[in-house]
Amino acid sequence: MGTGPSAKKAGLQSKNKKYKKKVWLCHRNKDVDQIKDEIEKAEETGKPIKFKFDDELPGGGQFYCIETGMHFIDAKALADHKKSRYYKRRVKELKEEKYTQELAESYAGMSKEKLPPAHPRKT
């Protein structure tokens with residue numbers, strides 16, 4: 001009875017992959033589009049994004065970074081986060097223009113212009 005690769009249980013790796021995928025999906029950060037939508041809604045209503053005190057969230061949900069969509073334990077952790085490379089990259093991404101269906105169609109060459117016919121009919 002060794003401890004080598006033949007001694008491991010069969011199917012353990014696939015179970016591990018399923019678990020990792022599930023955990024990753026649960027703890028996944030918000031996408032840039034979702035954050036842009038939240039910011040637009042807050043600007044339309046004129047109310048800042050705030051959370052009520054919640055024991056489940058870190059710091060009771062009081063220290064929230066709008067740009068990354070993350071909660072922090074205290075103000076110092078939030079301030080340190082705002083100096084990080086991840087935060088600065090996310091802010092740069094948020095400054096870019098929002099990707100829309102019209103942009104996708106124009107990049108694909110699907111124009112909405114009315115072009116003259118290539119071979120006009122002569123009558």
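Here are some questions and answers about side-chain pairs and surroundings in this predicted model.

Residues are numbered from 1 along each chain as its sequence is written, and side-chain values use heavy atoms, with hydrogens and water left out. Because the model is predicted, local features need pLDDT of at least 70 and side-chain atom pairs count only at pLDDT 80 or more, while totals for chains, interfaces and linings use all residues.

Q: Which residues form the aromatic pair?
A: Rings of Phe, Tyr and Trp (its six-membered ring) pair if their centres lie within 6.5 Å, with planes under 30 degrees apart counted as stacked, over 60 as edge-to-face and the rest as tilted. A search of the whole structure finds one such pair. Its centres are 4.7 Å apart and its planes are at 65°, so it is edge-to-face, and the residues are Phe51 and Tyr64.

Q: Is Tyr64 buried or exposed?
A: Buried means under 20% relative accessible area, exposed over 50% and partly exposed in between (1.4 Å probe, protein chains only). Phe51 has 32% and counts as partly exposed. Tyr64 has 13% relative accessibility, so this residue counts as buried.

Q: Which side chain makes a polar contact with that of Thr68?
A: Thr68 has 0% relative accessibility and counts as buried. A polar contact is a pair of N or O atoms within 3.5 Å; within protein, one must be able to donate a hydrogen and the other to accept it, and residues adjacent in sequence count only if both atoms are side-chain atoms. For Thr68 the distance is 3.1 Å, and the partner is His81.

Q: Which residues does Tyr99 contact, leaving aside neighbours within four places in sequence?
A: Tyr99 is exposed, with a relative accessible area of 54%. Contact means heavy atoms within 4.5 Å. By that cut-off, the partners of Tyr99 are Ala104 and Tyr107.

Q: How many residues apart in sequence are Lys98 and Asp37?
A: These two form a salt bridge (a side-chain nitrogen of Lys or Arg within 4 Å of a carboxyl oxygen of Asp or Glu), with closest N and O atoms 2.4 Å apart. Helices (H or I, at least four residues) and strands (E, at least two) are DSSP runs, numbered from the N terminus. Lys98 lies in the loop between α4 and α5 and Asp37 in helix α2, and their separation is 61 residues.

Q: Which residues do salt bridges that share partners join into one network?
A: Glu40 and Lys98 also meet in a salt bridge, at 3.8 Å, N to O. Glu40 lies in helix α2, so this pair ties together parts 58 residues apart in sequence. The network joins Asp37, Glu40 and Lys98.
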